[in-house]
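The following exercises introduce a structure through its chain, its helices and its contacts. Please examine the sequence and the model before reading each solution.

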Amino acid sequence: MSETVVSPVRIGRLSIGALGVLALALGTLQTVVDPALPLLQRELGVSSGEGALVSNAVLITGAAVAPVAGKLGDRYGGKRVLVRLMAVVSAGGLLAGLAPNLPVLLLGQVLQGAMVGALPLSFILVRKHLQAGESQLGMGLVMALFTGGGMVGTLTAGPIAEGLSWHWMFALPTIAIIAMTLVVARLMPHDPPIESEYGIDWPGVVLLSGTLLAFMLGLVKVTGDDGLPPLAIGALAVVVAALATGWVVVERRAASPMVDLRMLAKPAMWHACMLTIVITTSFGMVSFLLPQLFGVPGDGYGFGADTTDIGLFLLPGAIAGAVSDSVGGITARRFGLRAVVIVGAVVTAATTTTLVSLHTAEWQLVLAKALAAMAAGVGTTALLTSAATAVETRDTGIATSVLVVTRVIGIALGVQIAAAILDSEADPTTGLPTESAFVTGFAVAGLVAALSLLVVRITKKKGAQA
């Protein structure tokens, strides 16, 4: 069925602003757990492993929900699905804010994980209601404010939890989400659903969600404190491979597949996925290593910073990431996607390599985080906006959700790799990571960033042959 071309209904600054503030509130709610995790463990009387599960619940659910939300938004309209999804997120935030124990808090976090689906849904609305050049700016703005919300959550979680209670650090962002959802529902024009003679590919939905859930849960378990025996790891790998294979088979045979594999085969899409996973893996390593180094007791190489100080040290990097997200699409249009990715890879590789020998002063780490965040933000947002505008409008939601999930997986991989490096070289007496562990981590992050250059070269050759 051919796609009907409809002129976009122009939307004003208030509508875009409401979407942006909603993204800001969602980013805040997503990150409040991280700096307050030690406090939550003390208040609830749980172990560090159980605390890590609280932190990972949103990530795991989000990876499974994002592509489903994007597909439903493409089919039934971004605004319609977004409002309903925000109802789920709001229920999760309120449940977490009232949670008396760990199981209830975990349930609230699982429901909050649906927030990751808000990004592709917002991109659908921006793409449908703005012209091509403006839509890239709008997508960048939404991504920037979501990133900025992470900064707000990191900085405010501690003061709110200590001044009021930890329940309020969930409740306050949730109240803002409810308010902004009502504003979006009021101001944003309806985007009509796309008519189709076929129904939703529910087998594809179930298999893709199952694949992502199995992969993310496996990643958390394999790299956790207790780890998994080799036999269990092998069984888990077989399960993930079987689910993924089943999904591909179903999508190839479906009359109206959840993800059109021909869309994924487009150079713009698979190039973007390959580069996004490499860029975000390197950035995830840096994002984990720097706070850990700030927090290590100052004994020759650490700084012994507390939670509030760490938040302040990371603030310039959060600002740099938010700014870079907002200009990624424009930069790619001005200088070319390939040039943006190459410069970002060079900056990140040079930054992390420099950290191998220069990590003895706070300003060095602060500058490194800002440079890495800027490079990763510009690169991944440029890839996302370029891929989004390269597919048909009806595929915007699923295309952007695939890249959002790729971004989430890459960051999770980077964090877990960095954690494994620190654990493998921990001091047997104190249990703290040694300086050599951080040096190894920075060196590996630099190598991963440099891998982006190889991926760019490979994709360029493939594109020339196509």
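**Exercise 1. Determine whether valine 278 is buried or exposed, and describe its surroundings.**

Step 1. Valine 278 has a relative accessibility of 9% and therefore counts as buried; buried means under 20% relative accessible area, exposed over 50%, and partly exposed in between, with a 1.4 Å probe and protein chains only.

Before continuing, note that this is a predicted model, in which local features need pLDDT of at least 70 and side-chain atom pairs count only at pLDDT 80 or more, while totals for chains, interfaces and linings use all residues. Residues are numbered from 1 along each chain as its sequence is written, and side-chain values use heavy atoms, with hydrogens and water left out.

Step 2. Valine 278 belongs to helix α12; helices (H or I, at least four residues) and strands (E, at least two) are DSSP runs numbered from the N terminus.

Step 3. Leaving aside residues up to four places away in sequence, valine 278 touches Val448, Leu451, Ser452 and Val455, where contact means heavy atoms within 4.5 Å. From C-alpha to C-alpha, valine 278 and alanine 450 are 9.2 Å apart in space, although 172 residues apart in sequence.

**Exercise 2. Locate alanine 445 and identify what it touches.**

Step 1. Helix α17 (residues 435-465) contains alanine 445.

Step 2. With a relative accessible area of 0%, alanine 445 is buried.

Step 3. Its contacts, not counting residues up to four places away in sequence, are Ser282, Met285, Val286 and Thr352. Alanine 445 is also 8.8 Å from glycine 284, C-alpha to C-alpha, with their positions 161 residues apart in sequence.

**Exercise 3. Describe the largest nonpolar core and two of its members.**

Step 1. A nonpolar core is a set of buried Ala, Val, Leu, Ile, Met, Phe, Trp, Tyr and Cys residues joined through side-chain atoms within 4.5 Å. The largest one has 101 residues, of which Leu26, Leu82, Met86, Met169 and Phe170 touch the most other members. Helix α12 (residues 267-295) gives the most to this core, namely 13 residues.

Step 2. Leucine 82 lies in helix α4 (residues 78-98) and counts as buried because its relative accessibility is 2%. Beyond residues up to four places away in sequence, leucine 82 touches Leu19, Leu22, Ala118, Leu121, Leu125 and Val184.

Step 3. Under that same exclusion, leucine 26 touches Met86, Val89, Met115, Ala118, Phe146 and Ile177.

**Exercise 4. Find which residues form a nonpolar patch on the surface, and examine leucine 164.**

Step 1. Leu164, Trp168, Leu172 and Ile175 form the patch, with about 390 Å² of accessible area together.

Step 2. Leucine 164 is situated in the loop between α7 (132-163) and α8 (166-187). Leucine 164 is exposed because its relative accessible area is 56%.

Step 3. In α8, the buried residues include Trp166, Met169, Phe170 and Ile177. An α-helix has 3.6 residues a turn, so residues three or four places apart point the same way.

**Exercise 5. State how many helices and strands the chain has, and what part of it is buried.**

Step 1. The chain has 17 helices and zero strands.

Step 2. Of its 466 residues, 51% count as buried.

Step 3. Among contacts with a separation of 6 or more, 81% join residues 24 or more positions apart.

Definitions and conventions. Patches are made of residues with over 30% relative accessible area and no salt bridge: like charges are joined within 9 Å, nonpolar side chains (Val, Leu, Ile, Met, Phe, Trp, Tyr) within 5 Å. Accessible areas come from the Shrake-Rupley method with a 1.4 Å probe; for residues, only the protein chains shown count as cover. A salt bridge is a side-chain nitrogen of Lys or Arg within 4 Å of a carboxyl oxygen of Asp or Glu.
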